[in-house]
Amino acid sequence: VGFCVYIGTRAVDHANKALMLIKFLAFFAFVVAIAPSIQQTLLDVETRSFNFVWITFPILITSFGFHHIIPTLRSYVNSDRATLHKAIIFGSFIPLVIYLIWVLCTLGSIPIYGAESLQSIIESGNTSAGIVGSYHSTHIGSFVYLFESVAITTSFLGVTLGLFDFNRA
């Protein structure tokens with residue numbers, strides 16, 4: 001994957017497009033598989049502690065921390081301000097929508113408190129596997145792991161490309 005970065009921005013762009021397609025398909029499959037188990041009563045539950053909000057900050061920071069790639073984007077679009085503006089707006093809006101759908105699916109299908117709840121998963125320290133395991137389906141687990149793997153790879157491409165361009169200057 002690092003070789004794509006070495007080849008250049010265009011190679012990263014094409015690799016990222018292919019990986020994003022896989023990521024969207026995996027996410028769509030997860031949502032379709034999980035949608036029948038979403039319950040309104042689970043979404044209406046109030047948390048007992050405001051401290052759960054702090055758990056979301058690492059996810060939010062990494063999901064929306066793309067500013068290091070803006071110089072690379074600027075040179076890639078030949079300083080076209082309108083295109084750069086669209087890339088930043090859509091590049092922020094799409095992850096936000098996906099994040100909100102993810103929150104709806106997880107909070108609507110896994111109880112916050114009790115047995116096999118988000119609280120018990122957090123207390124076990126096995127967050128990602130615990131959430132996937134709570135669905136009791138290998139298909140859902142496969143979709144989530146595929147999504148996670150591709151998400152990490154696309155993040156690696158973006159961060160590495162930004163650092164590569166920074167060090168080249």
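**Aromatic pairs and surface of a helical model**

Colleague: Why is Phe164 called partly exposed?

Modeller: Phe164 has a relative accessibility of 30%, and because partly exposed covers what lies between buried (under 20% relative accessible area) and exposed (over 50%), with a 1.4 Å probe and protein chains only, Phe164 counts as partly exposed. This is a predicted model, in which local features need pLDDT of at least 70 and side-chain atom pairs count only at pLDDT 80 or more, while totals for chains, interfaces and linings use all residues. Residues are numbered from 1 along each chain as its sequence is written, and side-chain values use heavy atoms, with hydrogens and water left out.

Colleague: How many aromatic pairs does the structure hold, and what makes Tyr6 and Phe164 an edge-to-face pair?

Modeller: There are five aromatic pairs in the structure. In one of them, the rings of Tyr6 and Phe164 are 6.5 Å apart centre to centre, with 75 degrees between the planes. Rings of Phe, Tyr and Trp (its six-membered ring) pair if their centres lie within 6.5 Å, with planes under 30 degrees apart counting as stacked, over 60 as edge-to-face and the rest as tilted, so Tyr6 and Phe164 are edge-to-face.

Colleague: Why does this pair tie together parts that are 158 residues apart in sequence?

Modeller: Tyr6 lies in helix H1 (residues 2-7) and Phe164 in helix H10 (residues 138-168), so the pair links those distant parts; here helices are DSSP runs (H or I, at least four residues) and strands likewise (E, at least two), numbered from the N terminus. Tyr6 itself is exposed, at 60% relative accessible area.

Colleague: What makes the pair of Phe27 and Phe147 tilted, and how do you know that Phe27 is buried?

Modeller: Phe27 and Phe147 are 5.4 Å apart centre to centre, and the 40 degrees between their planes make the pair tilted. Since Phe27 lies in helix H2 (residues 9-34) and Phe147 in helix H10, this pair ties together parts that are 120 residues apart in sequence. Phe27 has 7% relative accessibility and so counts as buried, and Phe147, at 19%, is buried too. Both rings belong to one aromatic cluster with Phe30 and Trp102.

Colleague: What makes up the chain as a whole, and how much of the chain is buried?

Modeller: The chain has ten helices and zero strands, and buried residues make up 27% of its 169 residues. Of the contacts (heavy atoms within 4.5 Å) in the chain with a separation of 6 or more, 76% join residues 24 or more positions apart.
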